[in-house]
Amino acid sequence: MKTIIILLLLGCSGLFFACQDITVGYLYTDIAGYTPDTLPIINVKKEIVRLQGILDAFKEQTVEQYEKLAELEKELDRLRESMKAPQKEYDALLDELYDYENPPTLDREEEINAKLEELDMFFDEVWEQVYPIQDEQDEINEELKEIAEGLGMEDPAIMAKKISDYQDRIEFKLPWTSSRIQGVQGTEPLQYSIVGVKSANMENAAKFMTYAGVMGGGRIYVGIDVDVPVGAYTITLEIKNEGRTKVLEDVFTFLVMDEIDAGGDVE
């Protein structure tokens, strides 16, 4: 009997230690990845300097054109203002002419038609002054477009907006970020960390890693102040939970570029 009890105790002890060896939870990453798996980025401070230089050069070369446009617009405003009172009079005469409840007399109808004809002639004369001004504006705007294209930009307003957006990114420290990782299934909480960066130069890769990290949902980020040479920087990601670890080799690439093109894309 004593022998049986000892055997039972040894069996239970074995089951206990066996249970201690069981790995907790699960973690599947066979189809894990990012869509897209590449993100072009730039050094924002350097890009602001570059864009501002182009914008300043454009302004210097177009002072006369913008002064002329302002003069033309002022003249158009004068002509538009000259038509406001006559237009009100014209509309009132039409209302009177076609007032079927209180129609005008024949004599009054003749007076109205004569006045309407007189106003039509006035409007024609004004528009004859407006059209050449508008044509001249179009010519100047075409000239401005050619200057902008010569400096490598599509539109100065778009470039100014791009500079403003970059300045906001710096002010609010908005990093470059990937999308959320997809295809990861596992017991929460999941922990993500960057365990490697590949690049053509090992020193550059190590420096890039100091700017990079991972936020919630496996979103990989790079600080907006990233300052590394142009090139591809490919991330290796580690995913862990209780008792499980997976490594995703070369899962995401940041392409550090020199500048953006005229359309606003990184190149």
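The chain has six helices and nine strands. The model is predicted. Buried residues account for 31% of its 267 residues.

**Exercise 1. Describe how helix 2 and helix 5 are arranged relative to each other.**

Solution.

Step 1. Locate the elements: helix 2 covers residues 44-61 and helix 5 covers residues 156-171.

Step 2. Two packed helices are described by the angle between their axes and the distance between the axes. For helix 2 and helix 5, the axes come within 10 Å and cross at roughly 150 degrees.

Step 3. Classify the angle. Angles over 145 degrees count as roughly antiparallel, so helix 2 is roughly antiparallel to helix 5.

Step 4. Add the handedness: the crossing of helix 2 and helix 5 is left-handed.

Step 5. List the residues that make the contact. Helix 2 supplies V44, K45, E47, I48, L51, Q52, I54, L55 and F58. Helix 5 supplies P156, M159, A160, K162, I163, Y166, Q167 and I170.

Step 6. Sort the residues of this contact by class: twelve are nonpolar, two are polar and three are charged.

**Exercise 2. Which residues does M159 contact, leaving aside its neighbours within four places in sequence?**

Solution.

Step 1. Place the residue: M159 belongs to helix 5.

Step 2. Check its burial. The relative accessible area of M159 is 10%, and buried means under 20%, so M159 is buried.

Step 3. Read off the contacts: with those neighbours set aside, M159 touches L51, I54, L55 and M153.

Step 4. Take L55 from that list. M159 and L55 are separated by 104 residues in sequence, but their C-alpha atoms are 7.4 Å apart in space.

Step 5. Set this pair beside a figure for the whole chain. Among contacts between residues at least 6 apart in sequence, 73% join residues at least 24 apart.

**Exercise 3. Describe how helix 2 and helix 3 are arranged relative to each other.**

Solution.

Step 1. Helix 3 covers residues 63-97. The axes of helix 2 and helix 3 come within 5 Å and cross at roughly 60 degrees.

Step 2. Classify the angle. Roughly parallel requires an angle under 35 degrees, and roughly perpendicular runs from 65 to 115. Helix 2 and helix 3 are therefore oblique to each other.

Step 3. Name the residues that meet: F58, K59, E60 and Q61 come from helix 2, and V63, Q65 and Y66 come from helix 3.

Step 4. Sort the residues of this contact by class: three are nonpolar, two are polar and two are charged.

Step 5. F58 of helix 2 has a part in the contact with helix 3 and also in the contact with helix 5.

**Exercise 4. Is T234 buried or exposed, and with which side chain does its own side chain make a polar contact?**

Solution.

Step 1. T234 is in strand 8, which spans residues 231-241.

Step 2. With a relative accessible area of 15%, T234 is buried.

Step 3. The polar contact is with the side chain of T253, at 3.0 Å.

Step 4. Leaving aside neighbours within four places in sequence, the residues in contact with T234 are G196, V197, K198, D250, F252 and T253.

Step 5. Compare with S178, in the loop between strand 3 (176-177) and strand 4 (185-186). S178 is also buried, with a relative accessible area of 6%. With the sequence neighbours within four places set aside, S178 contacts Y34, G218, R219, I220 and F252. F252 thus appears in the contacts of T234 and of S178.

**Exercise 5. Which peptide bonds are cis, and which residues have a positive phi although they are not glycines? Give examples.**

Solution.

Step 1. Recall the usual case: most residues other than glycine have a negative phi, and most peptide bonds are trans.

Step 2. Give the cis bonds. One joins T35 and P36, with omega about -5 degrees. P36 lies in the loop between strand 1 (27-28) and strand 2 (38-42). Another joins E188 and P189, with omega about 0 degrees. P189 lies in the loop between strand 4 and strand 5 (191-198).

Step 3. Give the positive phi values. K173 has a phi of about 50 degrees and sits in the loop between helix 5 and strand 3. D250 also has a phi of about 50 degrees, but is found in strand 9 (residues 244-257).

Step 4. Add the accessibility: K173 is exposed at 66% relative accessible area, whereas D250 is partly exposed at 38%.

Key
Residues are numbered from 1 along each chain as its sequence is written. This is a predicted model: local features need pLDDT of at least 70, side-chain atom pairs count only at pLDDT 80 or more; totals for chains, interfaces and linings use all residues. Side-chain values use heavy atoms; hydrogens and water are left out. Axes are lines fitted to C-alpha atoms, for helices over the stretch in contact, and angles run from 0 to 180 degrees between N-to-C directions. Helices (H or I, at least four residues) and strands (E, at least two) are DSSP runs, numbered from the N terminus. A crossing is left-handed if the near helix is turned anticlockwise from the far one by less than a right angle, and right-handed if clockwise. Contact means heavy atoms within 4.5 Å. Ala, Val, Leu, Ile, Met, Phe, Trp, Tyr, Cys and Pro count as nonpolar, Asp, Glu, Lys and Arg as charged, and the others, Gly among them, as polar. Buried means under 20% relative accessible area, exposed over 50%, partly exposed in between (1.4 Å probe, protein chains only). A polar contact is a pair of N or O atoms within 3.5 Å; within protein, one must be able to donate a hydrogen and the other to accept it, and residues adjacent in sequence count only if both atoms are side-chain atoms.
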